[in-house]
Amino acid sequence: MDLTLLKKLSNAYGPPGYEDEAREILKAELEGFADEMRVDSLGNILFTHRGEKGRPLIMLAAHTDEVGFLVRHIEDMGYLRLHSWGVVPNLLPGQRLIFRGKKGDLKGVIGTKPPHIMSEEERKKPVVLDDLFVDIGTCTREEAETRGAYEGMTGVFDVDFLDLGGGYVRGKALDDRAGCYVMAEVFKSLKGSPFSVVAVGTVQEEVGLRGSRTAAYQVDPDYGLAIEGTFAVDMPGMAPHMVPASLRKGPVVTIADASVIAHPKVLKAITEAAEERKIPYQFKKIPSGGTDAGSIHLTKGGVPSGTIAVPCRYIHGPASITTTEDIENTVRLVKAFIERISA
Ligand SMILES: [Zn+2]
């Protein structure tokens, strides 16, 4: 598979509420394939493919935001204090971050005490977000502000997309830019097909499935499908029943998570489509987390919904790893699902 689009999406800057860059990439990619395209008042981008009369309307949703940070205070010495959207503090010491300042991007590192001067107690202490600070290379608040830093500035992890070789890729924000990629490929393939689909790049998923809620209200679909990048935890020290999903075992199909129980009709269409087309798939074994399906299915009188996801290791951390094989199989499965549920 060509990695150009996935790389662009992964590198795009887009903490919740500031998804413009990811949205523009989807726009450039899909504008020519859509019968209608529009951006709504919250920033969701909606691409419509009009199919034959009488076919059910399917809403696809992939969120354009990523986990990120909000600068809530600048110290006299110029250090930034953070609020986190979706990242637990244990993952943060020493990480590189990038902020969108008033005069362009500012890069920084979350400061750490050299081990040489840490007390025994400090080494064992749990990490607390309020103790952490970002150093963008300053000694005073004035210096930081002169360079464009401000309280209210947002940031994300500073990690470049990389082809690791052998079909493995590494990048930030694969939750859910891998899903955005899948949705884009599926939408492009609909050209000339009889199926009715609205593909939505949603906003603010990471802070409570917000954009998909207002998008689903507008679309008023017959079925909803969230396309995600979900947690593969095939790593050392894990008991098999504690591994929600693994790499190279195909798209991850949700039966239930904390936000939705997949509608049996949708689930059946997904699994039957996979079996008919011989597409490998796995069930998400641990029903935690939530996806846009959680808000779509509660829209108006209710929308039968489900979730199909690309397995990704280390989501909500600085850099995730997934495989092109899993991404391609997810594209195949979403397409097969659309055909089956539309028939
Ligand atoms: Zn996600």
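1. A quick word before we start: a strand here is a DSSP run of E with at least two residues, and strands, like helices, are numbered from the N terminus. With that in hand, Ser 84 is easy to place: it sits in strand S5, which covers residues 80-85. Bear in mind throughout that this is a predicted model.

2. Staying with Ser 84 for a moment, is it buried, exposed or partly exposed? It has 17 other C-beta atoms within 10 Å, and a residue needs 20 or more to be buried, so Ser 84 is classed as partly exposed. Setting aside neighbours within four places in sequence, its contacts are Phe 69 and Leu 129. Arg 72, 12 residues away in sequence, has its C-alpha 10.0 Å from that of Ser 84.

3. Now the overall picture. The chain contains 9 helices and 17 strands. Its radius of gyration is 21 Å, close to the 20 Å from the globule rule for 343 residues, so the chain is as compact as a globular protein of that length. Along the principal axes, the C-alpha atoms fill a box of roughly 65 × 45 × 40 Å. Buried residues account for 47% of the 343 residues. If you look at contacts with a separation of 6 or more, 78% of them join residues 24 or more positions apart.

4. How is the chain divided into domains? Domain 1 takes in 4-66 + 172-342, while domain 2 is 68-157. Measuring from C-alpha atoms, the centres of the two are 32 Å apart. The contact between them uses 11 residues from domain 1 and 12 residues from domain 2. On the domain 1 side, the touching residues split into 6 nonpolar, 2 polar and 3 charged.

5. Next, the inside. The largest nonpolar core has 88 residues, and the ones touching the most other members are Leu 60, Val 182, Met 183, Ile 227, Val 334 and Phe 337. Helix H5, residues 174-189, gives the most to this core, with 9 residues. Both domain 1 and domain 2 give residues to the core, so it lies between them.

6. Helix H5 deserves its own look. It has 16 residues and reaches 22 Å from its first C-alpha to its last, close to the 22 Å expected at 1.5 Å a residue. Of those 16 residues, 14 are buried, so H5 is largely enclosed by the rest of the structure. Val 182 shows who some of the neighbours are: beyond four places in sequence, it contacts Ala 62, Ile 227, Val 310, Ile 327, Thr 330, Val 331 and Val 334.

7. One thing I'd look at by eye: the peptide bond from Asp 175 to Asp 176 is cis, with omega near 15°. Asp 176 belongs to helix H5.

8. Two residues other than glycine have a positive phi worth finding on screen. Lys 300 has phi of about 50°, and its place is the loop between helix H8 (293-296) and strand S16 (305-313). It has 9 C-beta neighbours inside 10 Å, so Lys 300 counts as exposed. For Tyr 314, phi is near 70°; this residue is in the loop between S16 and strand S17 (320-323). Tyr 314 counts as partly exposed because it has 19 C-beta neighbours inside 10 Å.

9. Where is Ile 58? It lies in strand S3, residues 57-63. With 24 other C-beta atoms within 10 Å, Ile 58 is buried. Apart from residues up to four places away in sequence, it touches Ser 196, Val 197, Pro 221, Asp 222, Tyr 223, Leu 225, Ile 338, Ile 341 and Ser 342. Val 219 is 161 residues away along the chain, yet the C-alpha atoms of Ile 58 and Val 219 are separated by 9.1 Å.

10. Last stop, Gly 14, in the loop between helix H1 (4-11) and helix H2 (20-30). Despite sitting in a loop, Gly 14 counts as buried, with 26 C-beta neighbours inside 10 Å. Leaving out residues up to four places away in sequence, it touches Glu 19, Glu 21, Ala 22, Thr 64, Asp 65 and Glu 66. Gly 237, 223 residues along the chain from Gly 14, has its C-alpha 33 Å from that of Gly 14.

Key
Residues numbered from 1 in each chain as written. Predicted model: local features only at pLDDT ≥ 70, side-chain atom pairs only at ≥ 80, totals over all residues. Core = buried A, V, L, I, M, F, W, Y, C linked by C-beta atoms within 7 Å. Buried ≥ 20, exposed ≤ 12 C-beta atoms within 10 Å, placed from the backbone. Helix = DSSP H or I, 4+ residues; strand = E, 2+ residues; numbered from the N terminus. Domains from an automatic or database assignment. Contact = placed C-beta atoms within 7 Å. Expected span 1.5 Å × (residues − 1). Nonpolar A, V, L, I, M, F, W, Y, C, P; charged D, E, K, R; others polar. Rg over C-alpha atoms; globule rule 2.2 N^0.38 Å.
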